[in-house]
Amino acid sequence: MSKPSDLVQGTLDLLLLKILGLEPLNGFAISQRLKQVSGDVLQVSDGSLYPALHKLEQEGWISAKWKASENNRRAKYYSLTRLGKKRLEKETTDWNRLSSAISRVVKLKEA
Amino acid sequence: MRSKHWWYTIPLRLRSLFRQDRVNQELDEEIQDHIEQKTQELIGKGFSPHEARRSALVEFGGVEQSKEECRDTRKVNWIQNLVKDLRHGLRLLRKSPGFTVVAVLTLALGIGANTAIFSLADVIIRRPISLPQLDRLVAVSEVATASDDTGISAANFRDLESECHALSALAAYQNVSVSLTGQTEPEKLNGVAITANFFSVIGVQPGLGRSFLPEEEEAGKDRVLVLSEAFWRQHFSGRPDVLGQTVFLDGEDYKVVGVMPPKFAFPLGRHAFWKPLAMSPAERESRTNLTLSAVGLLAPESELNQTRVEFETLWTHLSQQFPQANAGRILRVINLRDQVVLDYNRQFALLLMGVVAFVLLIACANIGNLQLARATGRAREVAVRSAMGASRYRIAAQFLTESVLLAFLGGVLGILFAVWGVSILRSTLPPQVEEICDLNNLRVNSTAILFTLGVTLAAGILAGIAPAWHQTKSDIQNSLREGGGRVLGGRKHMRNVFLVGEVALALVLLVGAGLMIRSFSSLAYAERSIAPDSLLTFHLDLPNRYSDPIKAKTFYAEFLSRIQTIPGVQSAGLVSGLPYSYYDEPVSIKIPGRTQSSSTDLPVVMQEAASPDYFRTVQMKIREGRGFDIRDDLGTPSVAIISETMAQRLWPGENPVGKTFQIVETPSSSPSLVVVGVVSDTRHEIFDRSFRSILYLPFQQTPGQSMDFVLRTTEPPLQLLSAVRSELRWIDSNIAIENPRTMTKLIAEQTNGLQYVASLMAFFGGIALILTIIGIYGVVAQSVNERKREIGIRMALGAQGQKVLAIILRSSFSLIAIGLAIGVVLSLALTQLIASLIYGVSAWDLTAFALVTSLLTVVALLACYIPARRSMRVDPVVALRDE
């Protein structure tokens, strides 16, 4: 299991915001979803997941609510705020720009 | 968007701050829950419960570590942010001592000046008098609607005092002027005659001895005095045995029964003593002479409004009882403080506050610019922080905090400067200021410190807004790139705004100062045509024994003839009140054959008594008819000479010589007066905007008890003073010559206050100019620095040094021109606000505007030129190479 240590902090934010933009989830479910959607390529170590989530909460981009979960316990569910949605749009744009620039370079053929 | 962001997360942050335990517990729960779920998943995959749990924990990584990191992100709430920023800011300031010292000093001077002037304005506007119960004291006065004459008549005072219930006591007082005799040279003293309850009403009792008894308000029993502390120190060396000593006033002996505590100043002005108010029976009955002032103490349950209502009722009763006497006057009841603060003074104080505020604004612009330049140098630091997760707003907040920290340091030092400034003010303010406020109150008090706090905060935010704002716009990528060579457009724009703003503000300030200076000089040199340097002036107050008009007339005639024999005296005259001497005596004129609707509609003119040679001495011309001569005496027909303005006003288009009129206020069956001449106009008060209507009567027919004398001399006037004194002594050795001075000095004393204001404004204007020069220099130097590559390219392409210089200068000049234009427009608008404070020149005085604009243009151009010259010395090779 490779630790996604190359993921800069900013990119992790983008991923989390996107996932939460689709539906509210709790921490465990987020990490499952991420693994599932990316085909196990992107995995976040649980230890760095929660600090990232808390930071997003402090910035006001996600908000948290305690809900009753399946096994009759409380679970903390995060969801995207309106502010967060704007942030997500911006981060997506930035990411697209960056990745397409990199792709262009990578696609260069040998002269 | 930034404010919404903060607002949104406030409950969250508050919770982190105040309910830490709860939040920590929730964090625990959350993580435990995650591990639980993980464990369940692994059990599902076939692990044993024990192994599943262990595996889940391992996979999680350090639980405690994670919790700590979560707590760390939370710890980033605004109070801790602030503390971090402050510490970081302090560190940065320490690292660049040059910048810090310059910025802190500049801010300290600006803030200090603001605080000092605020303290002055505070005293003038809010605390001119310091009395213990000032809020419960009211001033009661009658106001004549036609002439604006204010005061209270003795009879009305007695009636009001006995009838009013809203006041627990009403006291009367009157300024008196006497000669201190019994010394080699009599000395003029100012004192106050008061009713016995005066000290209890105002709430300050003599520190030594006692105050007055009611029975001492009778002539003959009133030979007691309470001295001022200053007089006691000066004439009795502060000896405690002063009580019972004798003081000779106007040749009569008075016994000292008390001494006032130090720093007591009511009424305002320097008074040497207080004595009981003893009036003759005739004076007591007068209902028309507004000779007294009244101050009352509100009863514990009363308020000002109900007191006003009660007095209105009382006044209506009195007016019904005495319709003739009380006609044309209303009663005014106001808080004592309001009586002292005149609009005029308030406006000057506010003007000065505006001036120092402008200076501080210019200083903030300079510092803002400096900080902007520094921020660019820190671009990489900022970029790294941002890449590590700090939001733009956090970084902007940090810049703002640094700026406020800088301002705070400046503010603390500024308070020290303010204290120093206040003491300078106290020692340099002209004595006229003591007539409008008690300078003992002038100090940096808690209100001033609160003001300083506010100003400091505002200055810090203002100066820091530019770099902070700029930060929210900057692009990280650009800054991370090596060298960051490209000019960030936002920064240049902001710099230009600063430059234009500074130039505009400086222009407005300098125009204001210029107007004040022009105003002052036009007044000070107002009477140059009559050669005031060769006029000696002084004042005499005749003591009571000259109350018989014949005695007074004889005295004056003899005195005049004696001084005319003094060698060096060309001519001598006397008049009730010289121009510029604060004299006023409004009277109403009744012209036979003209119907007036009511007695309040009678024209009001100023009455003066004069000697025949007076007009000649002050070079006033007789336009029609004749001047006074020895024919005019007691017993001969009553004559009058009127000023041109009065002639124009009362007999327009006609020759008034030979016309008759009556003066309403003359007590006896008012005789008809015949106009025998018209004399040229003369300005009476330095602040008059038009000529007054003045009526002159021969002194032989109406000798007053107090006269001004004026002598035209061939030698320097003051040299003849001792000769004049000896002539006076020969006639009566108990009369003092008061205020001997040349006419020039007399006029100057009226303009002292204006001169002081003009000097202050010039001083601050100069500071603003220096700050602006520094600002322009800095901006142009930065601009040259940034454009080095461009310059290098141009030069490599063959442009001469001169051409490059022209290019640089052109852009700076256009900015300065914009600043000047904005400044001129602003000035045109703002000077209208202070138009009422400017005399002798219009608020849009062309000379002032032109001079100031030229000065500022020249200076600004120089400030551009010198750093721009550096652009000529750019080595194209170096510039192009230097990325």
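## A loop residue in a negative patch

In chain B, the loop that runs between strand E13 (569-575) and strand E14 (586-590) holds Glu585(B). The model discussed here is a predicted one, and the values given below should be read with that in mind. With a relative accessibility of 35%, Glu585(B) counts as partly exposed, because the partly exposed class covers what falls between buried, under 20%, and exposed, over 50%.

Glu585(B) does not stand alone on the surface, for Asp148(B), Asp149(B) and Glu665(B) gather with Glu585(B) in a patch of negative charge. Membership of such a patch asks for over 30% relative accessible area, and the 35% of Glu585(B) fits that requirement.

## A positive patch on chain B

Chain B also carries a surface patch of positive charge, in which Arg87(B), Arg91(B), Arg94(B) and Lys95(B) come together. One of these residues, Lys95(B), has its place in helix H5 of chain B, a helix made of residues 78-95. Lys95(B) has a relative accessible area of 66% and is therefore classed as exposed, since that class begins over 50%.

## Chain A in outline

Chain A contains 4 helices and 3 strands, and when these elements are read along the sequence they follow the pattern α-β-α-α-β-β-α. The chain has 111 residues, of which 42% count as buried. Its exposed area is about 6500 Å², and carbon and sulfur atoms supply 56% of that area.

The contacts within chain A can also be described by how far apart the partners lie in the sequence. Among those contacts that join residues at least 6 apart, 47% are between residues at least 24 apart.

## Salt bridges within helices

Side chains of opposite charge can pair when their charged atoms come close. Over all chains, the count of salt bridges comes to 43, and a few of them are described here and under the next heading.

In chain A, Arg97(A) forms a salt bridge with Asp94(A), with 3.2 Å between the closest N and O atoms. Both residues belong to helix H4 of chain A (residues 82-106), where they are 3 residues apart, about one turn of the helix. Arg97(A) is exposed, its relative accessible area being 56%, whereas Asp94(A), at 31%, is partly exposed.

A pair with that spacing of 3 residues, again about one turn of the helix, is found in helix H2 of chain B (residues 20-44), where Lys38(B) and Glu41(B) both lie. These two residues form a salt bridge in which the closest N and O atoms are 3.9 Å apart. Lys38(B) has a relative accessibility of 5% and so counts as buried, while Glu41(B), with a relative accessible area of 23%, is partly exposed; the two fall into separate classes because the limit for buried is under 20%.

## Further salt bridges in chain B

Lys221(B) forms a salt bridge with Glu218(B), the closest N and O atoms of the pair being 3.7 Å apart. Lys221(B) counts as partly exposed at 47% relative accessibility, and Glu218(B) is likewise partly exposed, with a relative accessible area of 41%.

Salt bridges can also be followed beyond a single pair in chain B, where Asp222(B), Arg223(B), Glu252(B) and Lys275(B) are linked in a network of them.

Conventions: Residues are numbered from 1 along each chain as its sequence is written. Chains are lettered from A and ligands numbered from 1 in the order in which they are written. This is a predicted model: local features need pLDDT of at least 70, side-chain atom pairs count only at pLDDT 80 or more; totals for chains, interfaces and linings use all residues. Side-chain values use heavy atoms; hydrogens and water are left out. Patches are made of residues with over 30% relative accessible area and no salt bridge: like charges are joined within 9 Å, nonpolar side chains (Val, Leu, Ile, Met, Phe, Trp, Tyr) within 5 Å. Accessible areas come from the Shrake-Rupley method with a 1.4 Å probe; for residues, only the protein chains shown count as cover. A salt bridge is a side-chain nitrogen of Lys or Arg within 4 Å of a carboxyl oxygen of Asp or Glu. Lys and Arg count as positive and Asp and Glu as negative; His and the chain ends are not counted. The place of a charge is taken as NZ of Lys, CZ of Arg, CG of Asp or CD of Glu. Helices (H or I, at least four residues) and strands (E, at least two) are DSSP runs, numbered from the N terminus. Buried means under 20% relative accessible area, exposed over 50%, partly exposed in between (1.4 Å probe, protein chains only). Contact means heavy atoms within 4.5 Å.
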